[in-house]
Amino acid sequence: VLRAIGSEIDRGEKLVRGVSAGATSPLDPTALIALQAGIYRWGEAVDLASKLVDRAGSAVRTTLQNGNG
């Protein structure tokens with residue numbers, strides 16, 4: 001699961017880098033929709049990774065607190 005999320009994040013970063021460097025200009029409406037969908041997927045992958053890291057951190061904190069209590 002983590003590899004898939006990492007791959008999706010890498011793909012999104014490459015997409016954004018390519019667009020910001022002008023690699024895909026000019027963009028037709030179909031390309032713009034594909035770009036929008038790609039950036040949306042990238043955002044969702046980053047959000048999911050953030051939630052996983054947050055929950056893992058919370059689990060570690062809880063485990064350490066219970067071990068010291």
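Okay, let's start with the fold: the protein chain has two helices and zero strands. Keep in mind that this is a predicted model. Helix 1 covers residues 2-20, and helix 2 covers residues 29-68.

Now the overall dimensions. If you put the C-alpha atoms in a box along the principal axes, you get roughly 60 × 20 × 15 Å. The radius of gyration of the protein chain is 18 Å, whereas a compact globule of 69 residues would come out near 11 Å. What share of the residues is buried? Buried residues make up 12% of the 69 in the chain. As for the surface, the chain exposes about 5,500 Å², and carbon and sulfur atoms supply 61% of that.

To get a feel for distances, take Gln36 and Arg3. They're 33 residues apart in sequence, and their C-alpha atoms sit 23 Å apart in space. Gln36 belongs to helix 2, and with a relative accessible area of 57% it's exposed, since the cut-off for that word is over 50%.

On to the charged side chains. How many salt bridges turn up in the whole structure? The search finds four. Let me walk you through some of them.

In helix 2, Asp47 and Lys51 pair up, with 3.4 Å from N to O. These two are four residues apart, about one turn of the helix. Asp47 is partly exposed at 35% relative accessible area, and Lys51 is partly exposed too, at 46%. Elsewhere, salt bridges with shared partners tie Glu8, Arg11 and Arg41 into one network.

Let's look at that network from the Glu8 side. Glu8 is found in helix 1. Is Glu8 buried or exposed? It counts as buried, because its relative accessibility is 13% and the limit is under 20%. If you skip the neighbours within four places in sequence, Glu8 is in contact with Arg41, Trp42 and Ala45.

Then there's Arg11, which forms a salt bridge with Glu8, and the closest N and O atoms there are 3.6 Å apart. Arg11 and Glu8 are three residues apart in helix 1, so about one helical turn separates them. Arg11 itself counts as partly exposed, at 49% relative accessibility. So this salt bridge joins a buried Glu8 to a partly exposed Arg11.

Staying in helix 1, which residue does Glu13 pair with? The partner is Arg17, and their side chains meet in a salt bridge at 3.8 Å, N to O. The spacing here is four residues, again about one turn of the helix. Glu13 is partly exposed, at 32% relative accessible area, while Arg17 is exposed, at 52%.

Last stop, the nonpolar side of things. Which residues form a nonpolar patch on the surface? Leu2, Leu48 and Leu52 do, and together they have about 280 Å² of accessible area. Leu2 lies in helix 1, and at 63% relative accessible area, Leu2 is exposed.

So, to wrap up: we have a chain with two helices and zero strands, four salt bridges, a network that joins Glu8, Arg11 and Arg41, and a surface patch made of Leu2, Leu48 and Leu52. If you want somewhere to begin in the viewer, go to Glu8 in helix 1 and look for its contacts with Arg41, Trp42 and Ala45.

Methods: Residues are numbered from 1 along each chain as its sequence is written. This is a predicted model: local features need pLDDT of at least 70, side-chain atom pairs count only at pLDDT 80 or more; totals for chains, interfaces and linings use all residues. Side-chain values use heavy atoms; hydrogens and water are left out. Buried means under 20% relative accessible area, exposed over 50%, partly exposed in between (1.4 Å probe, protein chains only). Contact means heavy atoms within 4.5 Å. Patches are made of residues with over 30% relative accessible area and no salt bridge: like charges are joined within 9 Å, nonpolar side chains (Val, Leu, Ile, Met, Phe, Trp, Tyr) within 5 Å. Accessible areas come from the Shrake-Rupley method with a 1.4 Å probe; for residues, only the protein chains shown count as cover. The radius of gyration is taken over C-alpha atoms; the globule rule is 2.2 Å times the number of residues to the power 0.38.
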